[in-house]
Each structure stands twice: as structure tokens, then as C-alpha cells.
Amino acid sequence: MTHAKNFRPLLYAVAILYACVSLLPFVWSVYTSLKPTSDIYHTFVPFGHLTLHSYSDIINNFPFLRWLCNSVIVATIVTIGNLIVNTLAGYAFARLRFPFKGALFYLFMAVMMIPSQVLLVPIYIMLAKLGWINTYQGLTVPFLMNAMMIFLARQFFLGIPQELEEAARMDGLSHWGIFFRIVLPLSRPLMATMTIFTFQGNWNSFLWPVLLTTSDDMYTLPVGLNSFYGQYDAYWNSVMAGVLLLTLPMILVFLVFQKHFVKGISTTGLK
Amino acid sequence: MSMGTSETPTLIGRPSVEAAGMPPRKRKPLGRNQKDEALAGYLFVLPAIASLVVFLLGPILVAFYISFFNFNFLDPENAKFVGLANYWHLFHDPQFLRALWNTTLYSLGVVPTQTVLALFLALIVNQIRGKTFFRVAYYLPQVTSTIAVSVMFIFIFSQQGLLNQFLHLFGIQGPTYTNDPKFALASLMVMAIWSTSGQFMMIYLAGLQDIPDEIYEAAALDGASGWRMLRYITIPSLRRVTFFVVVMSLIGTYQVFDQAYVVSGGDGGPLNSTMTVVLDVFTKGFKTMQMGYASAMAFVLFFIILILTLIQHYIMGREK
Amino acid sequence: MLKKWMAVTAAAVASVGVLAGCGSGNSGTNDNQASGNGQGGSVNLTLGMWSSSPAEKQLVENQLKAFEQANPNIHVKVEVVTGDYLQTMQPRLASHTAPDVFYVDASYAPQLESSGVLLPLDDYIQKDHVDIQDFSPSLLKAFQWQGKTYGLPKDANSLAIEYNKDLLAKAGIHTPPATWEDFEKDAALLKAKGITPLSMPIDVARYYPVVLDWGGSFYDANNNKATFTDAKNQSGLQFFIDNFHKGYIKTPKDLGADWAGPPFAQGQVAMVAEGAWIIPALQQTAKGLHYGVTDFFTHYGKSANMLYTVSYSIAKSTKHPDEAAKLLFYLTGKDAQKMTAESGLAIPSRQSEQGDFLQKYPDYKAFVDGLKGGTPYQFGTLGQNFVDAINKATEAGVLQNQSAADVLKQADQTLQTQTQ
């Protein structure tokens, strides 16, 4: 793109400035996590005093690997499930014609608008009756659909030029064939976005896992790490070390999937 | 080459119109049976519907039902039917009205700023070198847990915090922002904008990948300036994405809870200036065991969000 | 299309494989309600708690080990709630999957007791001849509702004044103030030196003793009613508010923290009024600090205090009430209390163990003394609505310069709008 050439230096200045604003707290978290407990209330701690003790403390004294493992399993299953369920629904809402489509779509939208706090107890009672408390199915199956992601998928599918699908239809492809062979390959940025969001949402999710797990061998990472906040003695070095240990795998996932934010064939294919 | 543009539909996000039986597209029937398409449609949405019906519909109905009762989940036998009294009471409850006002202000402050900032960041990241670095940098606040973010902001906004030390250079003595009724809500807004713009940036970024380069090339040949391309090509092409961003931001801001909870220590203080509707719902539902009343609050909030979304829908669909 | 599905299925299967390899295998799928009968007549119980530090969990686990040794047919599994405790317990109680025995804080105990989710203990107490007279009476009373006992206190805490010796010395003060009147004099000296005299949150949980010392009372326990508008409440509250305006008291938030511990540890404030929970925090984070602990300020011989106590209670839905009661009585009995005293984590609720505790931890004298004149932090079933109403009104009083009379009137009105 050529139209921004004159603004280039300014653009970089703004980009770097905002990067500082958004990175500063992260840097601060890293710094805090390296402070020894006796110095956590000191704003500045000499470099020589910094220690990895908070990290080794977490990894050695808590079933950290077990929690990590639980989190990976749960987030992976939920993400795969969501990708399937939400893209299918999103595509139907964007492209296919069927009775009550609008009403159904608004039903999904409506579900997002009800604060989950009032649904918590009824959902919990239901899952308890199913015997799903403290199980992997309890942590995954109820979360395989996400209305926000259906909405996102729909908006993106609406944006893909329809000509390819029409051509495919003339070639005699079924709706399933069109979706899996034509549409999905065109949707890499969408799938990457959904993967990142769903994985991250589940990875950081706290409210449900904390309710649904009752023994520490079933804790997910955020639930386990939350036990560091005492009521009165929040040792910020441990807390921040926990937060960073939680964040790092997510950054990894982000790095892997953000690569797919490239021009899809959706446009180049039409040249 | 013009195919991409001619497709820009005027019915952005208007399923209701299609459902009302209007021909949705200029698509010609291609010999495929309409029944076939309807069947495929239902099969495609079946998993989502199943999940919705099994896990959410029942609880939603329960919540709606108990909003007409004086209800405590610990003592359901003694629930007392009160008709619309919970809803009626809400409009005489100064705390709820204050919470609604705060939440509306918060939404008004956050939604536009966040949307513009997200688009701006996406445009920047889309054009410069070091894409990966900037993407990660801008997305990091979103990844960091809300609690960590809130703690950090309390630190930045405290009396001797970073912000005041900076202002001190200019001879200004600032307050403890999160503990000052005049600034507490604004602090929350800044925090929200900072921490969630990254997510919407990613959505815009994904959206930008779907705008064909050819359009820009053609416009450049016609001598269009960068600004005009942004105004007449990029922004209109992103309208569906913008609708999504605005609606989600609206839903998210009207349901703000985490930041308000952490910053105020759960009480919505100082002087109810950070009391939000969902924080009020949480307090009534889980601290004072007035779940029926909390449910009534939740459904009033639901109704408000629904109306705002429909208005949004109407405006964005009508434009052009 | 088939290929894609196979890939997806393969991925799912693979992750299930990881699942199986994820550690111990007994991943809690079967023992989620560990209250079933085991083999050979043995009984499984669960114990629900929060944990304010790893040491607290360790203490409970040690106590349980001792219990299981004495009762080999009963096995106890600990469940530590790491989220919001009430938010977690409400759905669990509602779905009858609550732990058999669990912590209940006095502040919301009446709400649970009155809704019938807790098991009345009176019959079991009689049957097992539990010596309940040994508990500090006000602590025991905190878990009684309409003549029945729903829990026994496991430990207790009260307020004391922690003071920074160096900062007081800077203002020429060598013994910490004992009365509120002394405090005002010393505060003037400290303020003149640019030192913040006292940090306290605007929270009825901390300042209520002032109201009581001045002869007021916000709550009528006999009728479960708020009595904010009683004229006797004004002078004490006014005194508290005035001290903010004089600059003698600042909130922890004003000092950039969410409780008074950090500013005290950093030497930002001369005195704070906290419970014994501050001691371990100071040991960890303020190694060089010269501080002392003295009794909470009195007012013309009146020495009201606030008691914070937690009980062990039994869920009414338990399938093994006899064994659960046995566990409860053990955990609140002398042996377990001795272990609590040894650990120094909390003050034993049994008077017979408090002497031993003081011998080992003489620094805690002020906190133990505080138990005697203390009122439990508890306002019947009005609970959080009561606390929110008065706290918000008091905050307005301090920030917007309102009189105590206006504050109390506002609190009364707010409480009425928040309860139906």
C-alpha cells in the first residue's frame, strides 16, 4: 500500500509509543515477579537482589505441571469443538436460507446479553445432577459453543465474495462440500482469530473452573494459581510470577496463529 | 476485479429482514432444491442449537421465572411470588439506578474510543515492518489477567503512583484516582480501553486481509489520497466487522464486572462511583442471597442491551 | 471433507490420550462426591475451607491426619475453595453437593443458618458431651440462631493497634497512646512532623468499636434490626469522621494499598488497627521494621472490640451426620486447638488453650485481650446489605463532610431500599 508513505516516520513513532504503553505493565509484572518477598513493597529493588525464587517456589511446591496439563487439555478440546460448532453455525447464518433463521440468530445474540451471574446456580445444579462436577467433561462439554464466535464467523462469511461458492455449486458440490472445500480454506484469518480468542478465553477462564473443580488434581492453571492470593497477604512477587507462567503459553499460541493473518485466496483467487 | 466491491451488501447483519421473507441476495436458484438448503442450514446450526438448548435455555428460563419471586437458592421452598414487584422496585432503587448510570457512562466512554483505537492500531500494524512484534505488543494487555491489570493500574493511579509523579513534574498534585469519586470510573474506562483494544485490533486485522488489493490499486490509479482511500474504501469495507466490534464492545461494557470488582474491592466505591449493574447483580445474588431481585436486574440489563443492539443494527444497516 | 473430519477426530483422540497420561489417572471422575460408603464400613467425608496461606492448609491437613489416626474408619478429603467462597458455596449447597463439614464466617453465618442449609448441632453436642462452655462465650454465640447451635468456632481474631516505634519516637512519643483521647494528642504531634498518624479503612468492621465505646449500637440482635437512627450513635461516629477531617486518620487506599498492611510495612504510617493476620505479613515483608502491638484504643474505660471468627459447620445434606459431627468436634476440640495454638496462625477459640498460646506467642497478648470485650462482626441476616449501607454512608460522610446524623439517616434509607 502506497498511500501512507508520507506519514511513515510519524506512523512508526506512534506505533512505538503505543507499544511502550501496552508493554509497560507487562515489564512491570516481570520486574515485580523477580523481587524477593522481603522487598515487595519497595518500588525499586537493586538488580543484584532480583531472584527467580517465586518461579521455582511455584513449580516445586505446587502441582504446577498437573495444572498446566489440565489447562492444555481443556483449552484444546474446547477450542477444537468451538471451531467446528461455531463456524458451521456462522456459515449457515451467513449463507444458507432456512425458516426461522433470523429468529434463531437473535436467540444466540440474546444469550450473550444475559449476565452469566444469574445462570450460574441453575447451570451448576444441572451439571451436579449429571455428575459432571470435577470432571473433564464438566470443564469442556458445556463450553463447546460460543455465541460471540458464531456472530464473528457469520460477519466474516458475509464478507467473502460469493462467486466461488456459486461456481462450486454449479459444479455440483453439496453445501457440505462447498463449506469444507471452498469456504474454510478461504477463512484462515477467521480461523486463526477464533482459535486465538477461544483458546485465550478458556485459558484465562476462572469463574467456571473454580466452581466446577473440587480437588487440586483437577484444577486448571488459573484456579491453582489463584490460591496464592491470601486474604491479607497477597505477595505480589508470587502472584505476578503465577500470572506470567499463565501468560507465556498463551503468548506462544498467539505467535503461532497470528501468522495466518495474511491475505487469503479469497481475494487473490479472483484476480 | 469489480466483483469484490459490487458484493458489498447493504444488508449488513440484518438477518431479520431475510427472515421476513425478503429475497436476501440476487442469487439465482441454481437447480438446487430449496428444501435441500434448508435441511443443510438446520444441520449446520444443529450442534450450536443443541448446546444452547441443553446447557443454557433451561437455566435462562429458571432465572427469568425466579425474577418474579422473592427467591433464595438456599431456601427455595420459602420462595414467595411477588409478581412484578422486583422489577418495580428496581426503578426506585437508587443503587441500581446509579449502577445503570455508571454503566451507561462507562459504555459511552469505552465503546467509541476502543473501536477507533482498535481500527487505528490494526491499520498501523497492517502497514509497518516488525508486524509480529507490534501484534504481540498490542495484544499482550488482552492476554494478561484482569486481576494483574487492575493491580497494576491501582499502582499507577495511586497518590504516589506513576501518573502523579509524572504530573508532579508540571507542578500538578493529583489525587488517588481510583479512590476519588470524580476519577474512579474514568480510571476504569482507561483500564478497559487499554486492556481490550488488542482483541478488537485482531478482528480488524483479520477483516483487513479480506479487502482485495485491487481496489486500492485502482483507486491509486485514479489519484486518490491515502485519507480518501481510508474513508471511501477501507472503512466501508470493514462495516460488517465494525458492526461486530461495536455490538460486542457494547455487550462487554454493559456487563463490566471484573475491573470494578477488583478496583473497588467489591463494594463499587468510592460512593458507588464504580458500582456497575453486574457488580450489583453479583452482590445481590451471592452476598445478600436476593437471587430473585438479582435476576430481575439481569433481565432489565438484557433488555437494555437488546434495544441498543437493535438500534445499532438499524443504523448500520440503513447507512449508505 | 472426510479427511478433515478424520484429522479433527484424530486430534480429539490424541488430546484424550494426553488426558489419560495427565498424571495420576484417578482424576476425580468417580470420587467427586466423596461422601459415599467405602469398603468395610469406612466413611469418606469432605472438608471445605478457604486458605489464606499455604501454612493454613498445612495446619488443617496435620489436624486431619491426627483425626484419621484416631478414627481409622473415617477418611477426610480437603477441598480448598480458591474463588469467592460464598459464590462457590451457594451453588454447592443448592445442589446438595456441599462438603460435609466446612468453614463458615460469622459475618454471613446467620444467612446460612436461617435458610436451613446447616445442620443443628445441639443433639450431637449433648450426645458427645462436648464441653462448649470452654469457648469464649461471644464466639460461641456468633454461631447460634434462634436458640440452636449451627457451628463451633475454630479460631478467633480481634483488633489491636500496631505502631511503628521509630515514627512515634520522631514525634517524641515513647509509649503508644492507650485511649482515643491520648491518640488525638499524639496524632497532632505526628501530623506536625508530617507523619500520617493512623490508617484505617472506612469500614464498620474496623470502626464499630468506636461507636460502641461512645455508647451507641447499630444493631439490635434480639429483633434482628438495624438501629442506625438511634441518637446515641452520633457522637462516636462523629468522632471517627472528625479524625479524618483533622488528617489524623487516612484510609489505606489514600496511601495506595488495599489494606493497611503494606503502608505500615513501608513506614508510611505510624499506627494501624488490624487483627493478628498482619503479624505474619509483617514478618515476611518488613524485616527491619521496629514495631509493637498494643491494645485497641479505649474511651473512658470502655474497651469494645470487633471479633472475627470462623466456624466449622455441617451441611444439612450430609449423608453421614454422625461422622461429620465427630470430625467437627475433633477440629474444634482441645487437641486440634493445641495444634492451632502451636502454629501461631490464629488465636484458639477455646479459653483453655489461649494461655498456652500466649506463652508461646507473647506478642499476641493484645489480640487475646481484645477477645474479652469483643462483639462478633455480624449483623444478623441483614449481612452484606447492612455493611454496604453503613459503609457507603460513612464514606460519604468523610468525603463530603456530612454530619454523623446525616450519615446514619442515609444508611437507614439505603438499607431500606436494598432489602425487600
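## Helix 5 of chain A and its neighbours

In this predicted model, the buried residues of helix 5 of chain A pack against partners from three chains: helix 6 (136-140) and helix 11 (207-212) of chain A, helix 3 of chain B, and helix 3 (85-94) of chain C. Helix 5 itself covers residues 120-129 of chain A, and eight of its ten residues are buried, so call it mostly covered.

Which residues of helix 5 of chain A are the buried ones? Start with the run Leu120(A), Val121(A), Pro122(A), Ile123(A), Tyr124(A) and Ile125(A), then add Leu127(A) and Ala128(A). After helix 5 of chain A comes Gly131(A), with a positive phi near 75°.

## Where chain B meets chain A

Helix 3 of chain B turns up again when you look at the contact between chains A and B. That contact draws 84 residues from chain B and 88 residues from chain A. On the chain B side, helix 3 (residues 34-66) supplies the largest share, with 18 residues.

What is the chain B side made of, by class? Where chain B touches chain A, you'll find 58 nonpolar residues, along with 18 polar and eight charged ones.

## Chain B on its own

Chain B has 15 helices and two strands. Its 320 residues include a buried portion of 50%.

If you're thinking in contact maps, take the contacts in chain B with a separation of 6 or more: 71% of them join residues 24 or more positions apart.

## Two domains in chain C

Chain C, which lends its helix 3 (85-94) to the packing around helix 5 of chain A, splits into two domains. Domain 1 takes in 43-155 + 308-376, while domain 2 takes in 158-306 + 380-418. Their C-alpha centres sit 28 Å apart.

How many residues of each domain are in contact with the other? Domain 1 of chain C puts in 17 residues and domain 2 of chain C puts in 18. On the domain 1 side, the elements giving two or more residues are helix 4 (109-114), helix 16 (365-372) and strand 16 (374-376) of chain C. Helix 16 of chain C gives the largest share there, five residues. Sorted by class, that side of domain 1 of chain C comes out as eight nonpolar, seven polar and two charged residues.

Technical notes
Residues numbered from 1 in each chain as written. Chains lettered and ligands numbered in written order. Predicted model: local features only at pLDDT ≥ 70, side-chain atom pairs only at ≥ 80, totals over all residues. Domains from an automatic or database assignment. Contact = placed C-beta atoms within 7 Å. Helix = DSSP H or I, 4+ residues; strand = E, 2+ residues; numbered from the N terminus. Nonpolar A, V, L, I, M, F, W, Y, C, P; charged D, E, K, R; others polar. Buried ≥ 20, exposed ≤ 12 C-beta atoms within 10 Å, placed from the backbone.
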